[in-house]
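Work through the exercises below with the model open. Each task is followed by a solution in steps.

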Amino acid sequence: SKAMSGSPAVVMRLVASAYAVAEKAGTIVRKVLHSGELGIVEKTGANDLQTLADRLAQQSICASLSKRFPKITIIGEEDLPSEEIQEDLIETGQSEEILQRSCPPEYSQLKEEEIVVWVDPIDGTKEYTEGLLDNVTVLIGIAYGGRAIAGVINQPFYNYKLGAGTQLGRTMWGMLGLGAFGFQLQEVPGDRRIVTTTRSHSNKLVTDCVDSMEPHEVVRVGGAGNKIIQLVEGKASAYVFASPGCKKWDTCAPEAILHAVGGKLTDMHGNAYRYDANVKHMNSAGVLATLRNHEYYVSRVPQSVLQALKSD
């Protein structure tokens, strides 16, 4: 339903902008890689990196969205000095296709100041620096009332192995009450349990929890966004990460897309995470996400994990 003036609801304009902004960020991420000057700095150690691409992509996303939606709260992963943003980092475009859609009635009256945007300019920075490019995503999650209600995921290097002449990159988006778009929804066939889990942040608790799911197969890849893409494209049945380490900007956008197609993302206890502006950033009770059969996976979480990881 369009607002009285005939213009789309604020949240639809925001999602339409986030789509264009995510594509712009994807272009920045490709350009930096192509330049060969990644500008890597360690934040807390060798597994926690920041590159020039993280910095530029976040500046581009945050400056572009706050210019058009000044009252929205935007929380980005990188701690950056507030500085004058280069004009060529500002994206003013919007997805026409999204602007045309009817806003779900429950969100049609949302005001800017009620919305929180969680931004991960590069999810999978370590993989980015190592050339595992299909693991890399740009995440823009949109939350209202503490819930992830919409999200945009850009995969800057989608199709990169196909070589010259291929369209590089893609953008997926979803919204509760509308569905999810930009990919083909698929499920893992029949009774197979394929668990996807962390590539670089493993320990005994993490592996014990994966084993307790009795998977037929375990897939270790980088990036939370990437793992959720595996769930909705039928490459994994569950994403199991029994550890703190994931943050709200890692899960907000992917959770919205997953929930929009009937999936579920919770902590290890089966409790939802909240995305209000004032929550702590760490998902300290781990991440458990599925497209189907969430209860089965929750029921298999070992007691040791439940004791080690307290819900907020």
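**Exercise 1: a helix pair**

In this predicted model, the axes of helix H1 (residues 10-35) and helix H2 (residues 52-68) come within 9 Å of each other and cross at roughly 155 degrees. Decide how H1 is oriented relative to H2, and state the handedness of their crossing.

Solution.
1. Angles over 145 degrees count as roughly antiparallel.
2. The crossing angle is roughly 155 degrees, so H1 is roughly antiparallel to H2.
3. The crossing of H1 and H2 is right-handed.
4. On the H1 side the contact includes Leu14, Val21 and Ile28, and on the H2 side it includes Leu56, Ile61 and Arg68.
5. By type, the residues of this contact are 13 nonpolar, three polar and two charged.

**Exercise 2: a sheet**

Give the strand order of the open five-stranded sheet and find which strands stand at its edges.

Solution.
1. The order is E10-E9-E11-E13-E12, and the pairing is mixed.
2. E10 and strand E12 (264-266) each have a single partner strand, so one side of each lacks a neighbour in the sheet; these are the edges.
3. From one strand to the next, the twist averages 20 degrees.
4. Helix H7 (residues 248-260) packs on the sheet and touches E12 and strand E13 (287-290).

**Exercise 3: a crossover**

Describe how strand E9 (residues 194-197) pairs with strand E10 (residues 217-220) and how the chain connects them.

Solution.
1. E9 and E10 run parallel and are joined by four bridges.
2. Threonine 196 stands opposite valine 219 in E10.
3. Between E9 and E10 the chain passes through helix H5 (residues 204-212), in a right-handed β-α-β crossover.

Technical notes. Residues are numbered from 1 along each chain as its sequence is written. This is a predicted model: local features need pLDDT of at least 70, side-chain atom pairs count only at pLDDT 80 or more; totals for chains, interfaces and linings use all residues. Side-chain values use heavy atoms; hydrogens and water are left out. Two strands pair if DSSP finds at least two bridges between them. Helices (H or I, at least four residues) and strands (E, at least two) are DSSP runs, numbered from the N terminus. A crossover is right-handed if, with the strands pointing away from the viewer, the path from the first strand over the helix to the second runs clockwise. Axes are lines fitted to C-alpha atoms, for helices over the stretch in contact, and angles run from 0 to 180 degrees between N-to-C directions. Contact means heavy atoms within 4.5 Å. Angles under 35 degrees count as roughly parallel, over 145 as roughly antiparallel, 65 to 115 as roughly perpendicular and the rest as oblique. A crossing is left-handed if the near helix is turned anticlockwise from the far one by less than a right angle, and right-handed if clockwise. Ala, Val, Leu, Ile, Met, Phe, Trp, Tyr, Cys and Pro count as nonpolar, Asp, Glu, Lys and Arg as charged, and the others, Gly among them, as polar.
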